[in-house]
Amino acid sequence: MPASDSLALVTGLGASPGVGSGAVRVLRTPGEGAKLQHGEVLVAPMTSPDWVPTMRRAAAIVTDSGGMTCHAAIVSRELRIPCIVGAREATRMLRDGELVTVDGRRGQVIEGLVAAAPPRVEALAPRPVAATEALATRLYVNLAMAEHAEAAAALPVDGVGLLRAEFMILDALGGQHPRELVARGGGREFVAKMRTHLLKITRAFMPRPVVYRSYDFRTNEFRGLAGGEKHEPQEENPMIGYRGCFRYIKDQRCSTSSSRLIAGYCSFFPTFHHPFASYFRSADRPARARRWAIRAARCGP
């Protein structure tokens with residue numbers, strides 16, 4: 001039975017449905033991720049891309065801040081992990097080792113281990129099947145993790161509307177900063193790992209289109225990756241800082257590998273025809289980024 005708000009230990013916004021139970025593990029930074037044991041409930045102020053390896057081991061996730069489109073919500077839905085965001089004081093109210101149940105649909109953290117109710121099955125009288133009206137609006141999914149491509153492709157959708165390259169890079173490289181890998185001479189390895197993950201997604205959705213957004217690293221989120229402190233500057237306002245198109249032009253070693261990857265896929269997969277860049281701060285940036293991408297793609301691996 002669901003608990004009322006007055007009986008719940010913590011309430012927030014239900015961002016990813018499902019019920020998950022386990023011992024609480026309060027973590028303040030992604031650097032503490034090793035403390036989280038498989039099947040524990042991750043409680044954190046908020047998450048960012050460098051939290052993903054830790055999030056994968058969690059039975060459920062609760063964050064103090066965030067909304068339906070925050071990092072914790074998006075990644076939890078893709079990983080199919082129950083998640084509550086915007087719980088305000090979860091890191092203060094919940095204690096390490098405390099046994100709780102997280103209801104990601106109702107946005108409640110309940111004391112103790114509560115088994116999820118089995119789905120109710122009702123016998124329905126057969127009805128005549130009505131003709132399905134074709135929708136004028138196309139329906140696409142957001143995707144970044146290749147392991148879920150086949151399940152997403154089985155849904156009645158028209159393709160992938162947004163494939164965030166930075167999320168796929170994190171998944172492919174296992175939390176390693178791509179520029180660190182390239183700096184050590186691993187440009188070919190970077191392209192190979194990305195190709196493997198991208199191939200799983202494009203094959204699953206063929207002949208439907210995949211819209212690929214080139215990576216949009218923000219310094220505060222990616223500094224915590226392995227080797228990231230060498231390549232990410234400290235910024236007071238990362239949202240308008242070293243990111244998007246500006247980074248493509250300045251960080252040409254990494255963007256070259258990305259451009260060659262996309263050029264190869266556009267040649268072999270005709271449905272993969274919607275790559276785009278992000279975050280232009282001046283009118284000349286799109287043209288400069290396009291010229292650089294074309295030159296880089298022609299150079300070969």
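Modeller: A residue counts as buried under 20% relative accessible area, exposed over 50% and partly exposed in between (1.4 Å probe, protein chains only). This is a predicted model, in which local features need pLDDT of at least 70 and side-chain atom pairs count only at pLDDT 80 or more, while totals for chains, interfaces and linings use all residues. Residues are numbered from 1 along each chain as its sequence is written, and side-chain values use heavy atoms, with hydrogens and water left out.

Biologist: Is R80 buried or exposed?

Modeller: R80 sits in the loop that runs between α2 (71-79) and β6 (83-85), where helices (H or I, at least four residues) and strands (E, at least two) are DSSP runs numbered from the N terminus. The phi of R80 is near 60°, a positive value in a residue other than glycine. With a relative accessibility of 60%, R80 is exposed.

Biologist: Which loop holds R88?

Modeller: R88 also has a positive phi, near 65°, although the residue is not glycine. Most residues other than glycine have a negative phi. The relative accessibility of R88 is 57%, and therefore R88 counts as exposed. The place of R88 is the loop between β6 and α3 (90-93).

Biologist: How many disulfides does a search of the whole structure find?

Modeller: A disulfide is a pair of cysteine sulfur atoms within 2.5 Å. For C70, the nearest cysteine sulfur is that of C83, 6.5 Å away, and C70 is in no disulfide; C83 likewise is in none, with the sulfur of C70 as its nearest cysteine sulfur. C70 is buried at a relative accessible area of 17%, and C83 is buried at 0%. Over the whole structure, the number of disulfides found is zero.

Biologist: What is the order of the strands in the open sheet?

Modeller: Two strands pair if DSSP finds at least two bridges between them, and the open sheet consists of eight strands with mixed pairing. Its edge strands, each pairing on one side only, are β1 (10-11) and β2 (13-16). From one edge to the other, the order is β1-β8-β7-β3-β4-β5-β6-β2.

Biologist: Which residue in β8 is the bridge partner of V100?

Modeller: Strand β7 covers residues 99-103 and strand β8 covers residues 108-111, and the two pair in the antiparallel sense over four bridges. In β8, the bridge partner of V100 is E111.

Biologist: How far does helix α7 reach from its first C-alpha to its last?

Modeller: Helix α7 has 19 residues, running from 187 to 205. The expected span of a helix is 1.5 Å times one less than its number of residues, which for α7 is given as 27 Å. Its reach from first to last C-alpha is close to that expected value, at 27 Å.

Biologist: Which residues does H197 touch, not counting those up to four places away in sequence?

Modeller: H197 is placed in helix α7, where the buried residues also include F190, V191 and M194. Its relative accessibility is 15%, so H197 counts as buried. Taking contact to mean heavy atoms within 4.5 Å, H197 touches, outside that sequence window, A146, M168, D171 and A172.

Biologist: What is the omega of the peptide bond from M206 to P207?

Modeller: P207 lies in the loop between α7 and β11 (210-213). Most peptide bonds are trans. The bond from M206 to P207, however, is cis, with omega near 5°.
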